[in-house]
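Q: I'd like to learn how to read cavities and surface patches in a model. Could you walk me through one?

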Amino acid sequence: MKLSIVILNWNGAAYLQRFLPFLLQHTPTDHVEIVVADNGSTDHSLEVLERDFPSVQTLVLDRNYGFAEGYNRALSRLNGSDYYLLLNSDVEVTPGWLQPMLSYMDMHADVAACQPKVLSWHQRTHFEYAGAAGGYMDRWGYPFCRGRVLGVLEEDKGQYDTTADVFWATGACLLVRAADFWAAGGLDAAFFAHMEEIDLCWRLRSRGRRVVCVPQSVVYHMGGGTLSVESPRKTYLNYRNNLLMLYKNLPERDWRKIMLLRYFLDYLSAFHLLLTGRFSNAVMVFKARHDYKRMRSAYAAVRQANLQQTINFPIREIMPRSLVLRYYLCGENTYNKLLARCLKETCNEKEMK
């Protein structure tokens, strides 16, 4: 089997009923299998699959393992796939969505993973938060995308319709070579959910493999299917996992300095949450930092193993500037504005030398 498309489902019966028909309609059946891995659902997901989608293969996990370990367990039960495509249950695919990504991967052996252009299901003219047209990160660990910088979502006017190397590809629709997925160690089970695809892509990039956005493929993502943007639980996972990811992957010369500044930035963020009335979210920032410190010693060996296999640093898709400063002080709220400033500063530095 060339490709296994795997949807990890947890209490998503309504999403399966809404979005699976699009997947079945617009996905070629040759060399492709569609699998729903049920992550311990307590709703009627399994009944829906059996009754309405008998052609879809179902894998049943005994409990909710979270996004990361749920996918690891599901993918480990597949045999002979060249590629995996991790697809959220709340994604609407479009006609011809799959072939551009598969063709690009087939023609570029150095590419480990890719994603499509991800537009908002709610506002179909605009990019969607989780992935947009490919993900990047600044040096302090803050992710952003072509089409999404912090909370600003751009209208899709074709400005990012070129295939581009990116730092990370969204877990909402992630096509990855099976061999690369396992060689990098899969997703980090301790993350449970959120940031796990960025961590995986960082490991792939640090080992010299490429990650790409292929915008000729287009999907629409509803978003917030499991945890809403305002969820304190989501705040906790994002902050904790981001810190763990930095510790795992940053080289020795950088991580102490970056972590020191992040200490102040995280508490500044918590203070902002308090001022805006989001007390529970602010508390979760403190909890995330506490749990990061508690878990860090267990990650020492993981960090060492990652650094031993790192052959690509600095990674060019990590912006060597502060996203937060650029956004709030310079008004650079789009990818193109950030890119223009970075290119100008790089040229000035070269002229000074």
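Q: By class, how many nonpolar, polar and charged residues does the lining of the largest cavity have?

A: Keep in mind that this is a predicted model. To read a lining, sort its residues by class. Here that gives 8 nonpolar and 2 polar residues, with no charged ones.

Q: Which residues line the largest cavity?

A: A lining residue is one with an atom within 4 Å of a cavity point. In this case the list is I7, Y15, L16, F19, L20, L23, L87, N88, S89 and V91.

Q: Which helix gives the most to that lining?

A: Here you map the lining onto the helices. Helix α1, residues 13-26, comes out on top with 5 residues.

Q: What volume does the largest cavity have, and how many cavities does a search of the whole structure find?

A: The volume is about 40 Å³. With a floor of 30 Å³, the whole-structure search turns up 1 cavity.

Q: Now the outside: which residues make the nonpolar surface patch?

A: L268, F271, L274, L275, F279 and V283 make it, and the patch covers about 620 Å². Two helices, α8 (252-275) and α9 (279-296), supply at least two residues apiece. The biggest share is from α8, with 4 residues.

Q: Why can V283 count towards a patch?

A: A patch residue needs over 30% relative accessible area and no salt bridge. V283, which is found in helix α9, clears the area cut-off because its relative accessible area is 37%. That value makes V283 partly exposed.

How values were computed:
Residues are numbered from 1 along each chain as its sequence is written. This is a predicted model: local features need pLDDT of at least 70, side-chain atom pairs count only at pLDDT 80 or more; totals for chains, interfaces and linings use all residues. Side-chain values use heavy atoms; hydrogens and water are left out. On a 1 Å grid over the protein atoms alone, a cavity is a set of points where a 1.4 Å probe fits but cannot get out, and a pocket is an open set with protein on both sides within 12 Å along at least five of seven lines; lining residues have an atom within 4 Å of a point. Grid points are joined across faces, edges and corners, and a volume is the space filled by probe spheres set on the points. Ala, Val, Leu, Ile, Met, Phe, Trp, Tyr, Cys and Pro count as nonpolar, Asp, Glu, Lys and Arg as charged, and the others, Gly among them, as polar. Patches are made of residues with over 30% relative accessible area and no salt bridge: like charges are joined within 9 Å, nonpolar side chains (Val, Leu, Ile, Met, Phe, Trp, Tyr) within 5 Å. Accessible areas come from the Shrake-Rupley method with a 1.4 Å probe; for residues, only the protein chains shown count as cover. A salt bridge is a side-chain nitrogen of Lys or Arg within 4 Å of a carboxyl oxygen of Asp or Glu. Buried means under 20% relative accessible area, exposed over 50%, partly exposed in between (1.4 Å probe, protein chains only).
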